[in-house]
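Colleague: I would like to learn how to read a structure one feature at a time, beginning with the cysteines and moving outwards from there. Could you take me through it slowly?

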Amino acid sequence: MEFSSKLLENAVYEMSQLPGVGKRTALRLVLHLLRQPETQTHHLAEALLTMRDTIKFCKNCHNISDVDLCEICANPNRDASLVCVVEDIRDVMAIENTSQYKGLYHVLGGKISPLDGIGPQELNIYSLIEKVKEGEVKEIIFALSSTMEGDTTNFYIYKQVEEFNIQTSTIARGISVGDELEYADEVTLGRSILHRIPFESSLKN
């Protein structure tokens, strides 16, 4: 792809680094921005810079937040004894959109994947175990995608908390095997949370 401007080429290159954005799409987006009022591009740039520089991760659940404790964890109406373990922030958003879950979350930041060099120490697993040790957690719901990596992560955490007197469950398999939670429709995902099953039962299948 030939460019008449190095500035344009650099902007297209940076835009094409976004997931799912090829060079042609990046060029279309950049040219769109050039056709818009200059203030619109400035507002976009400022919003991205402000987000990147000031955004926080909740000290309790690792969800994205504007303050040290996210709105979900700070809500006294949420059930702190119930913790839903998810892979990333998009899963929190997907489950919240169902309006069916009233507990708290724990965002792992990924799944155990030896092939990708991701072990338990690269994830937010230790802080989850510490929560369990403190004794307030009564049930952990495993809500990772039903892939080999997701199942491996579920089992690893299950073995870590097995000695404590807590209940472990997993979302019902209304979600197709291999599917990511963020792509599930809200009704199916909501029902999967409500009709969760004991984790031990899932090991027998």
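**Reading the features**

Modeller: Cys61 is buried, for its relative accessible area is 2%. Please keep in mind throughout that this is a predicted model.

Colleague: How far is the sulfur of Cys58 from the closest cysteine sulfur, and why is there no bond?

Modeller: The general idea is that two cysteine sulfur atoms count as a disulfide when they lie within 2.5 Å. In this structure the sulfur of Cys58 has its closest cysteine sulfur in Cys61, at 3.7 Å, and that is too far for a bond. Cys61 is likewise in no disulfide, the nearest cysteine sulfur to it being that of Cys73, 3.6 Å away. Cys58 is also buried, with a relative accessible area of 1%, and a search of the whole structure finds zero disulfides.

Colleague: Before we look at other side chains, how many helices and strands are in the protein, and what share of its residues counts as buried?

Modeller: The protein has nine helices and seven strands, and 38% of its 205 residues count as buried. Its exposed area is about 12,700 Å², of which carbon and sulfur atoms supply 52%. If one takes the contacts with a separation of 6 or more, residues 24 or more positions apart account for 55% of them.

Colleague: How should I read a buried residue such as Val85, and which residues does Val85 touch?

Modeller: One places the residue in its element, then reads its accessibility, and then looks at its neighbours. Val85 lies in strand β3 and counts as buried because its relative accessibility is 0%. Leaving aside residues up to four places away in sequence, Val85 touches His106, Leu108, Leu128, Ile140, Ile141, Phe142, Ala143, Leu144 and Ile157. The C-alpha atoms of Val85 and Tyr105 are separated by 5.9 Å, although these two residues are 20 residues apart along the chain.

Colleague: Turning to charged side chains, how many salt bridges does the count come to, and which residue forms a salt bridge with Arg78?

Modeller: A salt bridge is read from the distance between a side-chain nitrogen of Lys or Arg and a carboxyl oxygen of Asp or Glu, with a limit of 4 Å. By this rule the count comes to six salt bridges. Arg78 forms one of them with Glu96, and their closest N and O atoms are 2.8 Å apart. This pair links distant parts of the chain, since Arg78 is in the loop between α4 and β3 while Glu96 is in helix α5, 18 residues apart. Arg78 counts as buried at 14% relative accessibility, whereas Glu96 is partly exposed, with a relative accessible area of 26%.

Colleague: Where in the chain are Glu87 and Lys111, and are Glu87 and Lys111 buried or exposed?

Modeller: The side chains of Glu87 and Lys111 meet in a salt bridge at 3.6 Å, N to O. Here too the pair links distant parts of the chain, with Glu87 in the loop between β3 and α5 and Lys111 in the loop between β4 and α6, 24 residues apart. Both Glu87 and Lys111 are buried. Lys111 is also among the residues that Ile118 touches, together with Ile112, Ser113 and Leu123, when residues up to four places away in sequence are not counted. Ile118 is found in the loop between β4 and α6 and is partly exposed, with a relative accessible area of 28%.

Colleague: How many aromatic pairs does a search of the whole structure find?

Modeller: For aromatic side chains one considers both the distance between ring centres and the angle between the planes. The search finds two aromatic pairs. Phe155 and Tyr158 form a tilted pair, 6.3 Å centre to centre with 35 degrees between the planes. These residues are three residues apart in helix α7, so about one helical turn separates Phe155 and Tyr158. Phe155 is partly exposed at a relative accessible area of 38%, while Tyr158 counts as buried at 10% relative accessibility.

Colleague: Finally, which residues make the nonpolar surface patch of about 270 Å²?

Modeller: Leu44, Leu48 and Met51 make this patch. Met51 is found in helix α3 and is partly exposed, with a relative accessible area of 43%.

Terms used:
Residues are numbered from 1 along each chain as its sequence is written. This is a predicted model: local features need pLDDT of at least 70, side-chain atom pairs count only at pLDDT 80 or more; totals for chains, interfaces and linings use all residues. Side-chain values use heavy atoms; hydrogens and water are left out. Patches are made of residues with over 30% relative accessible area and no salt bridge: like charges are joined within 9 Å, nonpolar side chains (Val, Leu, Ile, Met, Phe, Trp, Tyr) within 5 Å. Accessible areas come from the Shrake-Rupley method with a 1.4 Å probe; for residues, only the protein chains shown count as cover. Helices (H or I, at least four residues) and strands (E, at least two) are DSSP runs, numbered from the N terminus. Buried means under 20% relative accessible area, exposed over 50%, partly exposed in between (1.4 Å probe, protein chains only). Rings of Phe, Tyr and Trp (its six-membered ring) pair if their centres lie within 6.5 Å; planes under 30 degrees apart count as stacked, over 60 as edge-to-face and the rest as tilted. Contact means heavy atoms within 4.5 Å.
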